[in-house]
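Reader: I would like to go through this model by question and answer. Please show it before we start.

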Amino acid sequence: MKLLSFVSTLSFLVFISCNTSDKKNDLSVTRHTTEADAIKNAVADAYRSISFKQGQQLNYADIKKSFIPQASLINFGDDSLQYMTIDRFVDFYKGFIDSNKVSSFYEEEISGITEQFGRVAHRISSYKTYMNTMDSAAQRGVNSFQLVKTLQGWKVSSIIWDIESPKLKIPDYYLKAETAQ
């Protein structure tokens, strides 16, 4: 009888420890998925903040909400490196919209790859841009987003981007389905 009681108790303890281990793994997967989704959403918010429909007034102050105040934006427009603070970018973007008489602007992610460790993340995001029409994309390119987790959630700390051209095509692996590390 004592042996049967011991085996039953031992089996119960093994069962509980296996169950607890599975729950820990499930939570870490859930946490990882939640973080990956939050990072993807932060990037989507950045895209949304610069997009507007015809007849809609863009709120330039809203652009800054997706970024930390010290954010930097770097691009290779006109084959030269252009560095801007987030404040300078907003001024530049407003000037671009006004001087080119852009009546609508929409930028969206085509595909993305996220890597994250703790409170830092990186997302390679291929994108396409529509200007004044949704009939065809005006351009495509690749954004490299660096993000940090703040008390307000994930925020962009920097973006570095380049635009696709006949000499610089987006690689196929940047156009495939979503992956998260």
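Reader: Among contacts between residues at least 6 apart in sequence, what share joins residues at least 24 apart?

Author: This is a predicted model, in which local features need pLDDT of at least 70 and side-chain atom pairs count only at pLDDT 80 or more, while totals for chains, interfaces and linings use all residues. Residues are numbered from 1 along each chain as its sequence is written, and side-chain values use heavy atoms, with hydrogens and water left out. A contact means heavy atoms within 4.5 Å. Among contacts in the chain between residues at least 6 apart in sequence, the share joining residues at least 24 apart is 54%.

Reader: In what order do the helices and strands run?

Author: Helices (H or I, at least four residues) and strands (E, at least two) are DSSP runs, numbered from the N terminus. The chain has three helices and seven strands. From the N terminus on, the order is α-α-β-β-α-β-β-β-β-β.

Reader: Over how many bridges do strand 5 and strand 6 pair?

Author: Two strands pair if DSSP finds at least two bridges between them. Strand 5 (residues 139-150) pairs with strand 4 (residues 120-131) in the antiparallel sense over 10 bridges, and there His122 has Gln146 of strand 5 as its bridge partner. On strand 6 (residues 153-163), Gly153 stands opposite Thr150, and a hairpin of two residues joins strand 5 to strand 6. Strand 5 and strand 6 pair, also in the antiparallel sense, over a number of bridges that comes to 10.

Reader: Which side chain of opposite charge is nearest to Lys155?

Author: Lys155 lies in strand 6. Leaving aside neighbours within four places in sequence, the contacts of Lys155 include Lys65, Phe67, Gln146 and Thr150. Lys155 is buried (under 20% relative accessible area, with exposed over 50% and partly exposed in between, using a 1.4 Å probe and protein chains only), yet Lys155 has no salt bridge (a side-chain nitrogen of Lys or Arg within 4 Å of a carboxyl oxygen of Asp or Glu). With Lys and Arg counted as positive, Asp and Glu as negative, and His and the chain ends not counted, the nearest side chain of opposite charge is 7.0 Å away and belongs to Asp45.

Reader: With which residue does Asp45 meet in a salt bridge?

Author: Asp45 lies in helix 1 (residues 2-49), and the partner sits three residues away in that helix, about one turn. Asp45 is partly exposed at 35% relative accessible area, whereas the partner counts as exposed at 52%. The N to O distance is 2.4 Å, and the partner is Arg48.

Reader: Is Lys65 buried or exposed?

Author: Lys65 forms a salt bridge with Asp62, with the closest N and O atoms 3.0 Å apart. Asp62 counts as partly exposed, at 30% relative accessibility. Lys65 has a relative accessible area of 56%, so Lys65 is exposed.

Reader: How many salt bridges does the structure hold?

Author: One of them joins Asp98 and Lys94, whose closest N and O atoms are 3.0 Å apart. Both residues lie in helix 3 (residues 86-99), four residues apart, about one turn of the helix. Asp98 is partly exposed at 43%, and Lys94 is partly exposed at 38%. The number of salt bridges in the structure is eight.
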